[in-house]
Amino acid sequence: MINEVELLEELPYYRTLQKPPHHHSQHHGPTLSSAPHYPTAPRGLRLDPSYDETAIAIIAPDIRVPQNNPLSISTLEYCEQYSPLGCLDILLSIVGYVGDLGSDLVVCYVLLAEKRVLWAALTATFVLLSVIVVNVLSIYWYIRNQRNSASIYTSVSKTTWVIRALFHVFCIGLLYRYIHMLCKCLCKERLEDREHRSVMEARKRKNAILQMTIKDDKQTATLCLLHSFLESAPQLILQLYTLAQRTDEDKQVIIFIQGACAASSLFQLALSITSYNSTLHRTMMGKKKPNSIGKLLQFLWHFCTIGSRACTLALFTKEYHFWLFPFCIGHWGIMTIWVMHQQTRFCRKNGELHQCKEYMCNMVIGVAYVIYYLNVKAEPTRYKYSAYYAIVFAENCTLMTLWFLRNDPGVWYHIPALVAVFSSFASGIVFMLFYYGFCHRTLKQTNEKRAAHCC
């Protein structure tokens, strides 16, 4: 449990600073001092005599924040996400989530009507698995946040808990989180204070709400990413596989519905990864806020590379069936070893690392590496992405060559599928290069630091 003071001290721009040493020596002339300057209290603000000079850092923290301090810029500008553009991002996430979940349910009904029981059962299994895991984890995080929060400003009423419970019982807890974020986006004045008597209490209230908002946004982005890997990714491969099994005798409406389901799954997968990365950069200290062009390039990068990878796996499965499992297991094993080699520290408690849980977490991340690379450590990713996409490109070439040699040349997609897979992968790499060349946050920060050193 943490108290109000500890909560304030978690943000860098609320930390109290030490007093400068008082020198009693006499100076005979004007001298330059390198000691930091501590301004006095602003006009109109009366301080209790018991307050020392460091109390100003809590009551009016903006006074002492250096303008070039990246740690304070990230948190101070965090509330800017609650803007019309931020509302648009949330609405887009809601549309993607509802469209993905709804299209999967429609396809499940269509497959049952066609009496394709196996395909319908697999579709329903992926849906149920994802909604159960995501909603259980979501309500667990809500309960844990409430227990660990010592602030009265972040307490939740019983009515809110009833609404949360109803959403999670109906397995749409992620939709509730999006709606809650949209309400905060439309009512951003909640972060302002007009009721409390003192400036310090207003700051404490705003700080507590901001800390809880950052935590909720991180958890929502993580749950959305988990939903995508549990439902959207397997649904994408499954629907592409079933589409490849279709013939001219099948109804065009059913083919269109399955194609729309595959497109919505790919859209949701690329969008969730983009939102997750943007949320991490927005909430991490010292990172620049992502812009719209950067988000678009990142979305197109993931959309193209994941689409190419999913088409490769689906087409290979059509011809070689269960041989996909040995390939995925081998790729998963190599990627898991790679993640373990990076010495991650996810499962820590009281400073101690639980090695068994850490290995389990690395194995789960290795499964995601079958279609996408997740950066598990805050360090440069240039060589990691180069190595990963080199491996994926070699695997795609091998699988598509085996498919091309065995597939019937008479089908209409024999050549177009081959062209689409490699052109999509190449387009994704180009979008990635544009993103890291012009829109990556670290690049701009590095240039600013170099300029400062040169001066």
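**Exercise 1. Take stock of the fold.** How many helices and strands does the protein have?

*Solution.* Start with the secondary structure: the protein has 15 helices and two strands. Keep in mind that you are looking at a predicted model. Next, turn to burial: of the 455 residues, 43% are buried. Then look at the surface, where the accessible area comes to about 25,900 Å². Carbon and sulfur atoms hold 65% of that area. Finally, check how contacts spread along the chain. Among contacts with a separation of 6 or more, 75% join residues that are 24 or more positions apart.

**Exercise 2. Classify a helix pair.** Which word describes the packing of α6 to α7: parallel, antiparallel, perpendicular or oblique?

*Solution.* Two packed helices are described by the angle between their axes and the distance between the axes. Here, α6 covers residues 158-169 and α7 covers residues 173-186. Their angle is about 135 degrees, and the axes lie 7 Å apart. Roughly perpendicular runs from 65 to 115 degrees, and roughly antiparallel needs over 145. The angle therefore makes α6 oblique to α7.

Now find who makes the contact. From α6 come Thr-160, Ile-163, Arg-164, Phe-167 and His-168. Helix α7 supplies Gly-173, Tyr-176 and Ile-179. Sorted by class, the contact has four nonpolar, three polar and one charged residues.

**Exercise 3. Describe two aromatic pairs.** What geometry do Trp-338 and Tyr-369 form, and what geometry do Tyr-435 and Tyr-436 form?

*Solution.* A pair of aromatic rings is described by the distance of the centres and the angle of the planes. The whole structure contains 28 aromatic pairs. For Trp-338 and Tyr-369, the centres are 6.3 Å apart and the planes meet at 85 degrees. Planes over 60 degrees apart count as edge-to-face, so this pair is edge-to-face. Trp-338 sits in helix α11 (residues 324-341), while Tyr-369 is in the loop between α12 and α13. With these positions 31 residues apart, the pair links distant parts of the chain.

Apply the same steps to Tyr-435 and Tyr-436: 5.1 Å between centres and 80 degrees between planes, again edge-to-face.

**Exercise 4. Buried or partly exposed?** Sort Trp-338, Tyr-369, Tyr-435 and Tyr-436.

*Solution.* The cut-off for buried is under 20% relative accessible area. Trp-338 and Tyr-369 are both buried. Tyr-435 is buried because its relative accessibility is 1%. Tyr-436, at 26%, is partly exposed.

To finish, place these four in their setting: they belong to one aromatic cluster, whose members also include Trp-301, Tyr-385 and Phe-422.

Conventions. Residues are numbered from 1 along each chain as its sequence is written. This is a predicted model: local features need pLDDT of at least 70, side-chain atom pairs count only at pLDDT 80 or more; totals for chains, interfaces and linings use all residues. Side-chain values use heavy atoms; hydrogens and water are left out. Axes are lines fitted to C-alpha atoms, for helices over the stretch in contact, and angles run from 0 to 180 degrees between N-to-C directions. Helices (H or I, at least four residues) and strands (E, at least two) are DSSP runs, numbered from the N terminus. Angles under 35 degrees count as roughly parallel, over 145 as roughly antiparallel, 65 to 115 as roughly perpendicular and the rest as oblique. Contact means heavy atoms within 4.5 Å. Ala, Val, Leu, Ile, Met, Phe, Trp, Tyr, Cys and Pro count as nonpolar, Asp, Glu, Lys and Arg as charged, and the others, Gly among them, as polar. Buried means under 20% relative accessible area, exposed over 50%, partly exposed in between (1.4 Å probe, protein chains only). Accessible areas come from the Shrake-Rupley method with a 1.4 Å probe; for residues, only the protein chains shown count as cover. Rings of Phe, Tyr and Trp (its six-membered ring) pair if their centres lie within 6.5 Å; planes under 30 degrees apart count as stacked, over 60 as edge-to-face and the rest as tilted.
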